Amino acid sequence: MESSQYKRVHVIVLDSVGIGEAPDAKDFNDLGADTLGNIAEKVNGLKMPNIGRLGLSNIKEIKGIKKAEIPLAFYTKMQEASRGKDTLTGHWEIMGLITSHPFKVFPNGFPELLVTRLEEASGRTVIGNVPASGTEIIERLGPEHMKTGSLIVYTSADSVLQIAAHEDIIPLNELYHICEQARELTRNEEFKVGRVIARPFAGTPGHFHRTGNRRDYALKPFDRTVMNELKDRNFDVIAIGKIYDIYDGEGITQSMRTTSNMEGMDQLVRVMDEDFIGLSFTNLVDFDAKFGHRRNPEGYAEALEQFDARIPEILDRMRTDDLLIITADHGNDPTHHGTDHTREYVPLLVYSKRFNKGKELPVRKTFADVGATIADNFGIRWNGAGDSFLPLLTTDS
């Protein structure tokens, strides 16, 4: 194992926490999108003093969050280079892969041929097959599903095939197996879907609720990522949350699933108390799944403030040879039209106890700069996308 500047790098992805429309937002029908800014305006100011001290409002002033006179972190924003605004695309780019052709979406539901093949493979009929909110469709079709055992299949503005089933009607192991079958059916170019998602739920009609047993089945990244390079050189790559699913296990040495943002933070705290050399990589999905897609700015604001309250725990556990990177994978402005992700810049905050103070970094032209920086830190020759900003992180700034 080669020597490195920082022994541990901790990356936290705040799923969907964008910071203002990207230069190409018009191409995605997202002019005016600003996840953080519009939420802050809607709730008359966000209470996030800890991330404020790191420098969040120094990137772009956000109502309620003071600009730091002396920010603790290096700060800037990043523009997505890939032609997409979904979870896979954003995360893959963070680790060095730029996607030039977006995954297929199905605004009118899935083709009849695919539905027929899924019914044949699973031995169950399909109901739904429309773009829908997950909570809405289980309320609407849940009673029929419980009577017939049919699969509730739906999609969204993302490239996803979601299968909802009541845990008392279709046991989890069967639902997971059906989703694995669906994954195999949608790997080809004809039906190329980014993710298949198992969406188990429980409860009674009128009182259904999704459980924490969600599982994602993603396509494998189309090429090697920085994580593959780390693993091959015997560095630890610890995945927290849905990171394992997003990369289909590629380049990961240890993983732990979570059911909420706070459980994700609990797991990260535990990992930071361990001795390892390499990368911890955390995704906090509640911002996106529970509040962005459901267009709930008040709930989103509360989740942001809950995350902020946990930052001191993370900073307290930072060692002098640790580097912390906080960013996002796309936007999902809950004040915007529709229920889709939004094409936005994402924040970038980089902190180490070695820094005397932070300062502004140049705006990054691709999320892949994060992966390139991690590779650079661990002495890995990275020939993929991205430019390392490691040399800019001067400890005497």
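**Binding-site residues and ring pairs: a first look**

Trainee: Which residues does UniProt list for "binding site"?
Mentor: Welcome! The UniProt record, an unreviewed entry, gives three positions under "binding site". UniProt positions are in the numbering used here, feature names are shortened, and annotations may be inferred rather than shown by experiment. The residues are Asp15, Asp329 and His330.

Trainee: What is the largest C-alpha distance among them?
Mentor: This is a predicted model, where local features need pLDDT of at least 70, side-chain atom pairs count only at pLDDT 80 or more, and totals for chains, interfaces and linings use all residues. Residues are numbered from 1 along each chain as its sequence is written, and side-chain values use heavy atoms, leaving out hydrogens and water. The listed residues are spread over 316 residues of sequence, yet they cluster in space, with a largest C-alpha distance of 7.1 Å.

Trainee: Is Asp329 buried or exposed?
Mentor: Asp329 is in the loop between β12 (322–327) and β13 (346–351); strands (E, at least two residues) and helices (H or I, at least four) are DSSP runs, numbered from the N terminus. Buried means under 20% relative accessible area, exposed over 50%, and partly exposed in between (1.4 Å probe, protein chains only). With a relative accessible area of 0%, Asp329 is buried.

Trainee: Which side chain makes a polar contact with the side chain of Asp329?
Mentor: A polar contact is a pair of N or O atoms within 3.5 Å; within protein, one must be able to donate a hydrogen and the other to accept it, and residues adjacent in sequence count only if both atoms are side-chain atoms. For Asp329, the distance is 3.3 Å and the partner is the side chain of His91.

Trainee: And which side chain does a polar contact join to that of His330?
Mentor: His330 is also placed in the loop between β12 and β13. His330 is buried, with a relative accessible area of 1%. Its polar contact, 3.5 Å long, joins it to the side chain of Thr87.

Trainee: How many aromatic pairs are there?
Mentor: Rings of Phe, Tyr and Trp (its six-membered ring) pair if their centres lie within 6.5 Å; planes under 30 degrees apart count as stacked, over 60 as edge-to-face and the rest as tilted. One of the pairs is Phe74 with Phe355, edge-to-face at 4.8 Å centre to centre and 80 degrees between the planes. By this rule the count is eight.

Trainee: How many residues apart are Phe74 and Phe355?
Mentor: Phe74 is in strand β2 (residues 74–78), while Phe355 is in the loop between β13 and α13 (368–377). The pair links distant parts of the chain, 281 residues apart.
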